[in-house]
Amino acid sequence: MKKNICIIALLVSFITSQSAFSQIYSFEDNKIPGDWSINKGTLNISADKYKLGNQSLQINWKQGAILTLQSPSGISEACQNKNGGINLWIYNKFPINEHLIFSFKDTNEKEVCRFPFLLNFKGWRCIWAKFQGDMNMPPKSNIKSVEMQFPQETEEGVIFIDFLEFTPKVSWRNMSDAQYKVNRKDYSLVSDFVSYRNTTPQVKKIITAEDQQIKIIADRLTTWYLGSGQQSSDKWIKMREDNEEVFIRTGLKAAQKIKIQYNEDNTPKGEPLFPMGAPTTIEGQQLKKFRTINENILLPLALDYRKNQNVQSLKKVLYIYDWFNDQGWADGSGMGTLCFEKLRSSGYFHSFFLLKEQLSTELLERELQTLNWFTMFGTCYQTPANAGEVADNLRALAIPKLIYALSINDKQKKQVALTAFKNYMDNALGIAPGFFGTFKPDFSGYHHRGPYNSAYYPHALYAGTLIAYLLHDTPYALSESTLHNLKQGLLTFRFFCAGLNVPAGTVGRFPKGQQILETLLPAFAYVSLSYKEPDKELTAAFKRILESGSNRQAITNYVSNVNSNLAYTSTVGEIELLTQLASTSISKEEKVNGTLFMPYSGLLIAKDSLFHFNIKGFSRYIWDFESSATENTKGRYLSYGQIEYFDLKNKYKSFNPEESDFDWNYIPGATTKVLPEYVLQDKGGSSSGHRNFSDETFLTGIHGSKKSAMFSFRMHDITYDNSFRANKSVFVFEDFLLCLGSDIQTKDKRYPTITTLFQSFDKNTSKERIDEGYILTDPSLMYVVKGGAVRTLCEGTHTRAYIEHGAPAIDAKYQYYILKQKDKKTAKRLLSNHSPIEIVAQDNDAHIIRHKTAGIICGALFNPLKTYTEQLVTQVNIPLSYILEKEEENDSFRLSICEPDMRRASRAHMGLLTEEDVVQEEKAFNTQLTINGIYNVKCLQKSIKVSHDKEKNKTYVTISTIRGENYTLLLHQTNI
């Protein structure tokens with residue numbers, strides 16, 4: 001499986017690698033290479049068509065002609081490399097249903113590989129093909145000459161070739177298209193466009209609908225784009241309209257450089273355009289991308305026509321469609337690769353819907369076929385192997401897919417397409433297995449095989465909710481289970497947000513992109529308004545976010561922003577629906593408090609009216625961090641036990657990457673090695689360099705009662721330092737958090753190992769040494785450390801406080817408390833012999849603590865072979881965590897458990913996951929607990945097996961556990 005690397009890193013790699021060892025034939029020197037010859041036809045340098053520079057090679061071929069290229073530049077180096085091959089752009093004037101054959105021959109004139117290229121198109125097409133990988137050339141072959149063998153049946157034709165190179169490194173992102181085939185088997189990043197295109201448009205059962213019912217969907221979409229005009233006095237609607245006008249004016253200004261010009265053969269004269277996968281510059285020439293037009297020009301022109309009736313804008317869009325088509329933006333055209341192209345094509349998709357009524361029959365059909373190709377609509381007709389969908393395909397293509405279905409003129413074909421689309425969306429928004437995106441059972445949102453809340457997932461969630469609104473109350477409405485998933489996804493998102501900020505450990509490669517919740521406000525409106533009556537729970541949550549004074553500026557900024565970059569959402573209709581929900585009589589919800597463990601994110605959230613805590617780990621199933629060549633390069637430790645807090649009253653927070661002096665070695669709560677910056681940014685032993693997994697399955701959390709919660713994981717670095725380990729637990733109570741660490745070890749003598757207490761950029765910090773340990777404060781919290789060696793580094797207002805573990809670290813431990821109130825009396829009591837907390841076990845077998853005052857026992861049991869005869873839970877048959885709380889009723893207990901192993905495939909890092917690994921289902925396990933005493937036991941979530949041994953005074957409970965879910969057992973002592 002290829003590495004799913006970020007866009008920027010890929011493009012940088014591509015740009016630097018292309019043409020490093022090869023000469024590009026661009027024919028700008030007005031010379032035809034002397035050793036090139038054609039036996040039937042003519043060759044000449046032409047300025048009529050060109051893709052690079054201002055000229056190309058025109059080939060006027062006759063039936064059966066052969067163009068021979070003797071020893072072309074770069075061919076020898078290309079043969080020597082496994083990824084060597086040919087890159088070429090071809091313009092065809094007259095479509096024919098025959099192939100142009102590329103034949104590659106050695107010094108003995110023996111053909112070592114060949115490559116057929118179908119000429120059934122008009123305009124530019126691109127070839128990226130590898131000799132070995134795609135043409136099956138035997139290794140160590142030596143190509144001496146290249147023959148272009150023209151069709152045998154057609155009398156004559158004309159093609160132009162440009163931007164030809166024989167390169168030692170054809171991009172691994174190359175793809176098949178309607179003209180040629182490459183041997184790609186992995187479609188995790190580069191989709192199987194040809195398969196989708198060739199899928200027969202059919203469904204098992206067509207959902208029929210009246211024209212008026214389908215029109216409801218189209219009208220809703222139109223109103224979403226243009227607004228209804230009924231609430232124009234609303235300040236937010238006016239703000240969006242004003243900024244939309246700026247967006248239109250800016251686009252019109254950029255469009256002035258585009259001149260409507262056609263050749264005598266009615267083909268457009270526009271300059272060359274390239275896909276995102278092409279280099280940024282070649283031989284000093286800046287390449288112009290389709291993306292530039294898509295992002296900045298097409299949609300403003302379309303809006304200008306629809307809103308201002310500017311016919312000149314319409315004419316320019318129609319010209320751009322012709323220009324795009326001629327340059328290769330066409331049905332079946334892969335342009336080398338369409339990897340990532342869908343992410344920057346919203347201008348084309350949305351402008352088409354707004355203007356489709358103005359297109360001629362011929363032009364409409366041409367663009368519909370193009371839309372079918374670029375949106376990969378064919379996937380809707382295929383039977384999915386499993387639930388779920390990649391977030392990119394949802395955020396970038398969900399609405400364009402609907403646009404395609406709505407734009408089909410034939411009534412039955414339209415119904416088939418809408419049925420297929422409805423089925424596709426229900427499956428795409430279902431709960432996905434394993435590492436696959438997007439929705440997980442705990443309503444984590446996945447992309448790049450892990451939780452991704454700063455981007456991707458919220459965009460996909462937005463797209464899904466908009467589709468739900470557009471289709472609701474029609475025959476194509478999404479299912480109730482899909483609406484449930486969308487609703488719970490939104491409510492969970494708002495729960496794990498502190499204000500508008502997502503947890504730092506789930507930001508992917510965007511550590512400064514935590515503020516995101518305001519962008520989902522319209523999504524709350526879409527789903528709420530998809531029910532017969534506005535959903536009370538969603539509306540109440542929506543209103544609390546909307547009406548918070550601290551959110552006002554962020555919401556204003558969102559309303560003011562209009563763009564068509566990635567996925568166009570900034571419409572007037574969006575704000576109208578937002579204001580519609582805001583005007584309902586449903587009251588806002590109270591502040592959201594409580595705890596939540598999200599096993600698919602490796603995250604525990606604990607929040608009350610004053611503080612919000614996020615505690616984050618990584619495991620065999622949860623990767624550590626994501627980076628790129630330029631983004632989050634120092635984020636290695638984000639999941640090493642980070643304890644992030646937000647002081648909701650005083651507006652302080654623990655994670656501050658926006659500070660220029662922020663030290664990435666000192667992530668609060670994390671156990672780390674303090675590394676020089678160049679080492680911290682090093683990619684380590686993994687070929688991926690990020691998204692690394694552990695080999696430990698133990699990452700648990702329990703969202704118990706209002707009184708308690710816990711988080712625990714066994715940390716093991718298998719990427720950078722295989723000797724680096726730690727057992728880390730956090731126990732959450734009403735007034736404080738207890739943090740335990742044990743078996744902290746690394747053989748690395750070069751760098752000190754530490755656990756960070758806090759990193760502050762405010763002068764309001766303190767440190768006090770007392771006999772039992774240390775008492776420290778940052779601007780918001782008090783840290784009470786029992787024993788150990790605590791150090792602080794102070795540079796102006798920048799303070800880092802941490803516990804030293806040595807270099808190397810050998811079986812080190814820590815015990816400290818985080819107090820929500822800076823109460824020294826409580827701090828000293830926690831450190832004294834009269835502490836309400838008893839540490840029962842703190843070793844490599846278990847972390848067990850007892851809160852004597854609250855009557856709560858918490859345990860993280862790492863070793864299932866260990867027996868604890870003095871505890872109520874004496875033994876288990878698999879590692880798990882538990883919280884045992886005494887109930888008010890005599891001899892009754894509430895036992896909450898979490899067994900974390902997903903029991904599915906994993907690898908050292910994400911890039912090694914196969915497609916089979918990614919969709920592997922989680923497996924259940926019969927977890928057994930041995931309880932001291934005879935108890936009646938009931939489970940709130942599922943059926944269980946209970947047996948008793950009166951002689952041994954034991955109760956045995958068997959429960960099927962899966963997916964790291966929490967289960968609650970009610971124990972009542974009995975005299976059976």
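**Aromatic pairs, cores and strands**

Both phenylalanine 893 and tyrosine 935 are buried. The model in which they sit is a predicted one. They return below as partners in a ring pair.

Aromatic pairing was examined across the model. The count comes to 57 aromatic pairs. One of these joins phenylalanine 290 to phenylalanine 324. Their ring centres lie 5.0 Å apart, and the planes make an angle of 80 degrees. Rings whose planes are over 60 degrees apart count as edge-to-face, so this is the class to which the pair belongs. The two partners come from distant parts of the chain, with their positions 34 residues apart. Phenylalanine 290 belongs to helix α6 (residues 290-296), whereas phenylalanine 324 belongs to helix α8. Both of these phenylalanines are buried.

A second edge-to-face pair is made by phenylalanine 893 and tyrosine 935. Here the centre-to-centre distance is 6.2 Å, and the planes are 70 degrees apart. This pair also links distant parts of the chain. Phenylalanine 893 is in strand β37 (residues 892-898), and tyrosine 935 is in strand β39 (residues 935-939). The two residues are 42 apart in sequence.

Ring pairs also build a cluster. Its members are Tyr262, Phe290, Tyr319, Tyr321, Trp323, Phe324, Trp329, Tyr348, Phe349 and Phe374.

Helix α8 covers residues 311-327, and glutamine 327 lies in it. Is this glutamine 327 buried or exposed? Its relative accessibility is 2%, and glutamine 327 therefore counts as buried. The cut-off for buried is under 20%. The side chain of glutamine 327 makes a polar contact of 2.6 Å with the side chain of lysine 51. Beyond four places in sequence, glutamine 327 touches Lys51, Trp89, Trp124, Gly270, Glu271, Pro272, Leu273 and Phe290. Phe290 is thus a contact of glutamine 327 and a ring partner of phenylalanine 324.

Which residues touch the most other members of the largest nonpolar core? They are Ile59, Phe102 and Phe104, in a core of 196 residues. Isoleucine 59 has contacts beyond four places in sequence with Ile38, Thr42, Leu43, Leu67, Met148, Phe150, Gly157, Val158, Ile159 and Ile161. Another core lies apart from the largest one. This other core has 89 residues, including Ala504, Leu638, Val785 and Val918.

Strand β5 spans residues 85-92. Eight of its eight residues are buried, so β5 is largely enclosed by the rest of the structure. Strand β5 has two antiparallel partners described here. Eight bridges connect β5 with strand β8 (residues 123-130). Among these bridges, glycine 85 is matched with lysine 130 of β8. Seven bridges connect β5 with strand β10 (residues 156-167). In that pairing, asparagine 92 has isoleucine 159 of β10 as its bridge partner. Ile159 is also among the contacts of isoleucine 59.

A hairpin is formed by β15 and β16. Strand β15 (residues 594-598) and strand β16 (residues 603-607) run antiparallel, with five bridges. Glycine 594 faces lysine 607 across the pairing. Four residues separate the strands, and glycine 602 has a positive phi near 60 degrees. Lysine 607 also lies over the face of phenylalanine 495, 5.0 Å from the ring centre. Elsewhere, lysine 440 lies over the face of tyrosine 446, at 4.9 Å from the ring centre.

Note on methods:
Residues are numbered from 1 along each chain as its sequence is written. Side-chain values use heavy atoms; hydrogens and water are left out. Buried means under 20% relative accessible area, exposed over 50%, partly exposed in between (1.4 Å probe, protein chains only). A polar contact is a pair of N or O atoms within 3.5 Å; within protein, one must be able to donate a hydrogen and the other to accept it, and residues adjacent in sequence count only if both atoms are side-chain atoms. Contact means heavy atoms within 4.5 Å. A nonpolar core is a set of buried Ala, Val, Leu, Ile, Met, Phe, Trp, Tyr and Cys residues joined through side-chain atoms within 4.5 Å. Rings of Phe, Tyr and Trp (its six-membered ring) pair if their centres lie within 6.5 Å; planes under 30 degrees apart count as stacked, over 60 as edge-to-face and the rest as tilted. A charge sits over a ring if NZ of Lys or CZ of Arg is within 6 Å of the ring centre and within 35 degrees of the ring normal. Two strands pair if DSSP finds at least two bridges between them.
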